[in-house]
Amino acid sequence: MGNANSTETKESRRSKLRQKLQNLRSRRRLRRPGSGSASGLVTQRSVSADDFAGIALLTLIGAEMKFKDKWLACVSFGEQTFRTEVSDSTEKPIWNSEKKLLLEKNGPSLARISVFETNRLLKNNIVGYCELDLLEFVVQEPESTCKSFDLLDPASSNVVGSMFISCSVEDPVETETCFAKRILSIVDYNEDGHLSFTEFSDLMNAFGNVVAANKKEELFKAADLNGDGVVTIDELAALLALQQEQEPIINSCPVCGEALQLSDKLNAVIHMTLCFDEGTGNQTMTGGFLTDRQASYGWMFKLSEWTHLSTYDVGLNTGSSASHIVVIDRKTKRLVEELIDSKIVMSMRAIYQSKIGLRLMDQGAKEILQNLSEKQGKKMNTVESAQNIPSFLEFFKDQINMAEVKYPLDHFKTFNEFFIRELKPGARPVACMDRDDVAVSGADSRLMAFQSMDDSTRFWIKGRKFSIAGLLGKDVNSGAFLDGSLVIFRLAPQDYHRFHSPVSGVIEKFVNVPGSLYTVNPIAVNSKYCNVFTENKRTVVIISTAEFGKVAFVAIGATMVGSITFVRQEGDHVKKGDELGYFSFGGSTVICVFEKDSIKIDEDLLANSARSLETLVTVGMQLGVSFPKLENCVLEP
């Protein structure tokens with residue numbers, strides 16, 4: 001009878017252990033972005049010991065808003081986004097929702113917390129946001145109390161509420177010890193902070209390797225100084241962390257089952273720490289999202305995503321296949337979604353991603369686009385068009401910062417006056433202003449950069465006839481630019497639409513090249529059926545420089561862009577960052593072509609472009625350095 005009871009007790013303990021591990025696995029399993037399935041885990045890339053800054057435990061406690069609603073909060077950090085559950089209808093939502101985030105010294109550090117009201121059927125409405133630099137918490141003493149942050153309206157920067165957040169950061173040594181405590185707590189069945197040898201033995205046996213089985217008694221005795229057969233989790237955790245450092249006893253993650261690289265002890269501990277996301281026992285945020293907008297969408301969007309009518313993704317050719325355009329913000333190193341009407345996406349795909357659509361273009365639709373653009377351009381110059389400004393700002397309210405605009409809203413008498421708005425002095429600082437060997441971004445835009453033309457056609461431009469000679473036209477000697485470096489600045493309607501010189505030099509000449517007005521959206525650029533950049537109306541500006549040789553600056557018109565206006569003339573000397581001109585209403589693109597081996601483009605821009613991922617940049621950000629002067633220049637924010 002005694003043996004039977006003993007067997008039942010052991011089986012009960014094992015059942016509890018299996019259940020706890022199963023719960024952890026369930027919570028760790030994240031929905032793959034862009035799919036309706038629950039398969040797939042978020043993988044963690046390796047980090048070097050020199051770059052590892054710690055593990056941040058970020059907790060969204062609650063908020064105080066100015067009106068009653070059901071509230072949802074999202075955290076966007078790097079290329080990951082997480083969301084809380086939806087609160088009850090209240091002015092003071094409480095979430096107590098947390099997430100562990102890996103901090104790297106040279107990686108993303110700025111977390112953006114967005115708060116959405118959830119009274120919409122298809123999508124929820126962002127009400128306010130705040131940002132905090134998690135690396136600042138590395139040097140601070142751990143605090144049990146929360147801090148209050150102002151929630152700002154994305155459009156006006158007015159305060160619309162308060163967010164209550166706590167954050168603590170484990171340094172590398174603490175990470176190992178804290179992980180050991182968390183894993184030991186799994187077998188603390190009575191939750192008293194103490195373990196018997198039987199409980200500890202259950203855990204060591206679960207690791208399933210010879211080293212763990214052989215070491216369990218030795219480790220327990222070393223911790224059991226008074227010999228009473230019971231030790232505290234804190235005492236045992238220190239010994240377990242030391243043992244894992246000297247001779248690993250865990251060779252696969254107990255949560256997800258992934259095999260660990262025992263030669264890379266740091267990343268093994270980081271992996272398991274992020275897997276064990278129970279933390280303090282608060283609600284863990286749901287992950288698997290790329291942007292806060294994706295995380296906030298309502299159930300109608302989730303249905304369309306499940307039926308593959310709507311998808312999120314990044315990578316090769318997704319500009320042509322995904323229904324949402326995702327870019328990476330260079331300043332915050334965070335993924336953001338470009339806003340575009342879904343009906344426009346569907347119509348562009350029908351036209352530009354099929355032979356039939358492009359055949360229609362060849363049979364007269366080009367002239368229709370030309371006439372439509374001219375008509376729309378005239379309309380946007382009327383006094384009545386100013387009525388469209390408020391709705392335009394509302395649609396793009398978290399992507400247009402009116403605090404940067406030189407003049408107040410009532411200054412603009414037409415929509416086009418607002419569209420070509422100027423910015424306040426200093427709103428776009430120019431990197432390394434005293435160094436002409438450093439080139440800078442020429443536009444607020446989504447940027448793709450390629451060290452050679454071959455790279456551009458492999459990773460981005462899919463038109464079968466694209467060439468440098470075709471881009472520059474027959475009146476420009478393209479010989480010096482063949483196989484040169486290519487930088488594409490794509491401006492979306494919400495962007496600041498004045499373009500600036502990326503280099504210092506003398507304007508040698510302007511060449512106007514007539515053409516069509518296709519859209520410059522990635523759906524068209526990634527199409528193999530048309531050649532947007534070589535067929536669209538454009539103006540080529542040749543700038544002669546001392547550091548880069550000749551630079552071709554190509555301003556390309558697009559659908560709804562009635563005119564390209566320049567404010568400089570042939571023979572003018574320009575400094576990098578000086579304004580060259582502006583695009584009237586619509587989306588548009590600038591392409592800069594550098595002579596072969598004249599510029600070393602910044603590595604982060606090349607790396608993103610190799611993933612077919614556009615980088616969100618602003619005027620004046622560093623673009624690259626001329627050969628052979630490759631010293632690093634500090635990137636200005």
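**Cysteines, an EF-hand and two odd phi angles**

User: Is C432 buried or exposed in this model?
Analyst: Keep in mind that we're looking at a predicted model. C432 has a relative accessibility of 10%. Anything under 20% is called buried, so C432 counts as buried.

User: Where does C432 sit along the chain?
Analyst: Look for α13, which covers 415-419, and then β16, which covers 438-440. C432 falls in the loop between α13 and β16.

User: What is phi for C432?
Analyst: C432 isn't a glycine, yet its phi is positive. The value is near 50°.

User: Okay, and D597: is that one buried or exposed?
Analyst: D597 also has a positive phi, about 60°, without being a glycine. You'll find D597 in the loop between β26 (588-594) and β27 (599-601). Its relative accessibility is 56%, and the cut-off for exposed is over 50%, so D597 counts as exposed.

User: How many disulfides does the structure hold?
Analyst: To count, two cysteine sulfur atoms have to be within 2.5 Å. By that test, the number of disulfides here is zero.

User: What is the relative accessible area of C74?
Analyst: C167 is a buried cysteine, at 10%. C74 is buried too, and its relative accessible area is 0%.

User: Which residues does UniProt list for "domain: EF-hand", and how much of 211-246 is helix?
Analyst: The unreviewed UniProt entry lists residues 180-210 and 211-246 under that name. In the model, the end C-alpha atoms of 211-246 are 12 Å apart, and 8% of the stretch is strand. The helix share of 211-246 is 75%.

Notes:
Residues are numbered from 1 along each chain as its sequence is written. This is a predicted model: local features need pLDDT of at least 70, side-chain atom pairs count only at pLDDT 80 or more; totals for chains, interfaces and linings use all residues. Side-chain values use heavy atoms; hydrogens and water are left out. Buried means under 20% relative accessible area, exposed over 50%, partly exposed in between (1.4 Å probe, protein chains only). UniProt positions are given in the numbering used here, feature names are shortened, and annotations may be inferred rather than shown by experiment. Helices (H or I, at least four residues) and strands (E, at least two) are DSSP runs, numbered from the N terminus.
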